[in-house]
Amino acid sequence: MSRSSPWETLRSVVRFGRIETDPVERRLARAASVADLRRLARRRLPGGVFDYIDGGAEDERTMAANQAAFARVGFRPRVLRGVEKVEVGSTLLGKPLAYPLVLAPTGFTRIADPEGELAVARAAQRAGLPYTLSTLSTRSIEEVRAVSDGRLWFQVYAWRDRGLVKEMVERAAAARYEALVLTVDTAMLGRRERDVRRGFSLPPTIGPGTLLDGALHPGWTWAFVRSEPIRFANVAGRSVGDGASPVTLSDYINTQFDPALAWDDVDWLRSVWDGPLVLKGVQTVDDAVLAAERGVEAIALSNHGGRQLDGAPATFPLVAPVADAVGGRSEIICDGGVRRGSDIAKAVAAGATAAMAGRAYLYGLGAAGERGVDRVLGWLQADLTRTLSLLGAGRIGDLDRSLLDLP
Ligand SMILES: Cc1cc2nc3c(=O)[nH]c(=O)nc-3n(C[C@H](O)[C@H](O)[C@H](O)COP(=O)(O)O)c2cc1C
């Protein structure tokens, strides 16, 4: 055995990389997964803001069940299938997307980062994915269109004032939004106890407790106070209140939204909107069948990320029975608990056309702004590509239930 000097050995392994001076890149360099970005976001955001994003209803059982359902299902990988190149491009509502994912609507996005919805819309366009703007967004329908030529969907709630809904739908059409997403799981706001405990309002108020929280998170606080005040941008200046003075989300929603929403309202929405309609918040096979019979183009199986009815079923296990019952009459989107590309692969293999994700991109936004969202969307695509490769599937169309190890 030849002996080398310790210096020679050291010289062969020591590498000094460039020292990263950009704080955002430095932060991102320490993250390898959505879970890592969640941890970074938790550190960077005031506690109340992080909890508003991260939390769910009551005991958060449904929220946990969404992720646990993906964890419970494994794969049955096939080998020696001669798959040299993997393509994850797909179509949804008749149009192409880079991979089968839609960015979910999330209200009050500027709370995570001052660029808010603009940052997310730009990142979604770069990634080749549709972005759904929330009714309760902090940038307006038109402001978001101004920064993105990509696929944009608009989410509506049933305001008691249907005139307001009609007006928003017309604005979305004028701004070339492609699909309308009607959220149907919010007759009342779920009891999000983390927010209740903190007395959390939108926008957050500054008092003794939050002052300390803000001081402990100077990066977020400095950016927040330098940016223009946060409003419900789509109803700015309207009599329904635009959040210019702080409100709790439950007071706002419980006074402004109509709990008596019914199937006839879906027909009414059809009469004021020409494009595809997505029903978001369907949680049973029975309702999915009714939605398909009404002719909605897509059904988003969703429990609002576990933020509404605690005890509602996890969404991923609904995909297969709903796909079987609907039989291709409507496309199926699986929303809730998606944190990895392998979750998207599982949803599609079970029968969904695409998955939808909310918190995954919000953690990226909270941890590192727009570049954090880019990072998440890039990881999900790379994860999905790797998953297909290791499953022996060359295309999204090759994913089916035979590749899943269902319990
Ligand atoms: C902070 C936050 C705000 C949300 N706001 C809305 C909203 O305004 N409208 C809506 O339909 N869903 C809203 N959702 C639900 C998401 O659209 C989506 O259903 C949920 O995030 C999916 O679960 P996931 O976060 O595990 O991906 C929100 C979710 C979060 C986390």
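Student: Which atom of the ligand does a polar side-chain atom of S134 lie 2.7 Å from?
Tutor: An oxygen atom. Keep in mind that this is a predicted model.

Student: OK, and what's 3.0 Å from an oxygen atom of the ligand?
Tutor: That's an N or O atom in the side chain of K280. G337 joins in with its backbone: a polar atom there is 2.8 Å from a ligand oxygen.

Student: How much of the ligand does the protein bury?
Tutor: The protein buries 98% of the 600 Å² that the ligand exposes when taken alone.

Student: Wow. How many residues surround the ligand?
Tutor: There are 23. The closest are P105, S134, T183, D335 and G337, so you've met two of those names already.

Student: New topic: how many aromatic pairs are there in the whole structure?
Tutor: The search turns up 11. One of them is Y131 with Y361, an edge-to-face pair with 6.5 Å between centres and 85° between the planes.

Student: Where do Y131 and Y361 lie?
Tutor: Y131 is in strand β5 (residues 131-133), while Y361 is in helix α17 (residues 359-391), so their pairing ties together parts that are 230 residues apart in sequence.

Student: Is Y131 buried or exposed?
Tutor: Buried, and Y361 is too.

Student: Which residues form one aromatic cluster?
Tutor: F108, Y157, W159, F232, Y252 and F257.

Student: Last one: what sits over the ring of Y52?
Tutor: The charged end of R307, 5.2 Å from the ring centre. Likewise, R145 lies over the face of Y177, 5.7 Å from that ring's centre.

Methods:
Residues are numbered from 1 along each chain as its sequence is written. This is a predicted model: local features need pLDDT of at least 70, side-chain atom pairs count only at pLDDT 80 or more; totals for chains, interfaces and linings use all residues. Side-chain values use heavy atoms; hydrogens and water are left out. Rings of Phe, Tyr and Trp (its six-membered ring) pair if their centres lie within 6.5 Å; planes under 30 degrees apart count as stacked, over 60 as edge-to-face and the rest as tilted. Helices (H or I, at least four residues) and strands (E, at least two) are DSSP runs, numbered from the N terminus. Buried means under 20% relative accessible area, exposed over 50%, partly exposed in between (1.4 Å probe, protein chains only). A charge sits over a ring if NZ of Lys or CZ of Arg is within 6 Å of the ring centre and within 35 degrees of the ring normal. A residue is near a molecule or strand if one of its heavy atoms lies within 4 Å of it. A polar contact is a pair of N or O atoms within 3.5 Å; within protein, one must be able to donate a hydrogen and the other to accept it, and residues adjacent in sequence count only if both atoms are side-chain atoms. Accessible areas come from the Shrake-Rupley method with a 1.4 Å probe; for residues, only the protein chains shown count as cover.
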